[in-house]
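Q: I am new to this structure and would like a close look at a single part of it, with enough of the surroundings to place that part. Please take one helix and explain how it sits in the whole.

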Amino acid sequence: MKFILSLFSIIFLFVNISSQDNPESFPFVDSSKITIAPPTSVIAEDFKYDNAEKLSITWIPSIDDQIGDNNKVKGYKIYRITDGGQPELIAEILPGSNNYLDEGLEENIWYSYFVSSISDNFEARSNTTESVTPKREWLNFDLKFLFLIALIISSSVIYYIRHASKGKKLFVRKIAGLEAVDDAIGRATEMGRPILFIPGIHDMDDVQTLAAITILGNVARQIADYDTKIRMPVSRSLVMTAARETIKAAYQTAGRPDAYSDDMVNYITDEQFGYVAAVDGIMVREKPATIFLLGAFFAESLILAETGNSIGAIQIAGTARPAQLPFFIAACDFTLIGEELFAASAYLSGEPKMLGSLKGQDIGKGIAMAAIVVGVLSATFGEIWDVQFLLDIKQYLLQFFTVR
């Protein structure tokens, strides 16, 4: 009996060894089918501070999603289920992603999602999220600090307007270029030569052109009082219309409407250097005693300023374009730098609302300057000396002034 059992054991062992040597005895496995793990922890939630039209989907990527050329995961598919209906493929995104923003949704409709990781020929689906619906938030509390800053500046503007309306004098720093306006107009009157006013080369949709036209109103009133000749060539038809109305109103205010003429303002061309050539010709032929270069200027700034300088005119220039300021500073007698161009109308008119607005804005600038100085010092010395108190100040300022 023992002999028979031993014989069966030897036969079984022989058959087993033989089967291992023969590959055809193994079950066939399709090696081209790459299986991958699905993403996990898929969460769908309302996107904050929108108009009830967005949902945010986040997940933990598949464990097979790895950096490199051998990454098994080729991307992710996001499916949406609307009110318990059939799944709908809404997006395919790249591997390594872990979030998606679904837009264009409707309020009071319930949505659920699942995410699949995909390889070349395999798709692994995650669990389905709970149903959510987008909600409308009326107040964005992420902007609470911005609201506080706006409230402080607005309150300052209102306070200073009321303060100026009561006849109390507000201090405004002297601007040399505007202080020289009276002398420049007086010089042209004494010499019997015209004044040339150039409002830049942009149309009325540029705030610098608007500022130039505002200054023109104050300049034109003095010109009307002194009975001085003004020439204003422009490169935009709308600027021509606005300038004519501004000068006409100034002459009427001065009580000399009969002295006004539409020929004071004339349209040249929209072409940049064609306009510059015509203006330079006017300068050389008529030799104006005073030239105003106020508005938006580009490559033509130095050409105009140098030509005006060559004929010996007093030049008062101003622009908010930093790249052109060096040319004006080099070739002109007075230059309004950046923001001074916009403050000029308040400075020249002395009107309470304008002065109050100017002073109120200065409060906002003061807050910004103080925050920059404190923030830079806190960040610098906090990192150098590892002082937690200073690092906390830096972090608080970042939170206060960051708009999410």
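A: A residue is called buried here when its relative accessible area is under 20%, exposed when that value is over 50%, and partly exposed in between. With that cut-off in hand, and keeping in mind that this is a predicted model, we can turn to helix α12, whose buried residues are Leu391, Leu397 and Phe400. The helix runs over residues 388-401, which gives it 14 residues, and from its first C-alpha to its last it reaches 20 Å, close to the 20 Å expected at 1.5 Å a residue. The cover over the buried residues of α12 includes two other helices, α2 (144-165) and α11 (352-385).

To place this helix in the whole, it helps to know that the protein has twelve helices and 13 strands. Its radius of gyration is 38 Å, well over the 22 Å that the globule rule gives for 404 residues, so the protein is more spread out than a compact globule. Along the principal axes, the C-alpha atoms fill a box of roughly 140 × 55 × 50 Å. Of the 404 residues, 40% count as buried, and among the contacts between residues at least 6 apart in sequence, 66% join residues at least 24 apart.

Another pair of helices shows how packing can be described in this model. Helix α7 (residues 272-286) packs against helix α8 (residues 301-310) at an angle of about 5 degrees, with the two axes 10 Å apart, and because of that angle α7 is roughly parallel to α8. On the α7 side the contact is made by Phe273, Val276, Val279, Asp280, Met283 and Val284, while α8 contributes Ile303, Leu304, Thr307 and Gly308. Sorted by class, the residues in this contact are seven nonpolar, two polar and one charged.

The same terms for burial apply to residues outside the helices. Lys77, whose place is in strand β3 (residues 75-82), is buried, with a relative accessible area of 18%. Leaving aside its neighbours within four places in sequence, Lys77 is in contact with Leu89, Ala91, Glu92, Phe114, Val115, Ser116, Ile118 and Glu123. Asn121, by comparison, lies in the loop between β6 (111-118) and β7 (123-125), and at 40% relative accessibility it counts as partly exposed. The C-alpha atom of Asn121 is separated by 8.4 Å from that of Thr35, although the two residues are 86 residues apart along the chain.

Methods: Residues numbered from 1 in each chain as written. Predicted model: local features only at pLDDT ≥ 70, side-chain atom pairs only at ≥ 80, totals over all residues. Heavy atoms only, no water. Helix = DSSP H or I, 4+ residues; strand = E, 2+ residues; numbered from the N terminus. Expected span 1.5 Å × (residues − 1). Buried < 20%, exposed > 50% of the residue type's maximum accessible area, 1.4 Å probe, protein only. Contact = heavy atoms within 4.5 Å. Axes fitted to C-alpha atoms, helices over the stretch in contact; angles between N-to-C directions. Parallel < 35°, antiparallel > 145°, perpendicular 65-115°, else oblique. Nonpolar A, V, L, I, M, F, W, Y, C, P; charged D, E, K, R; others polar. Rg over C-alpha atoms; globule rule 2.2 N^0.38 Å.
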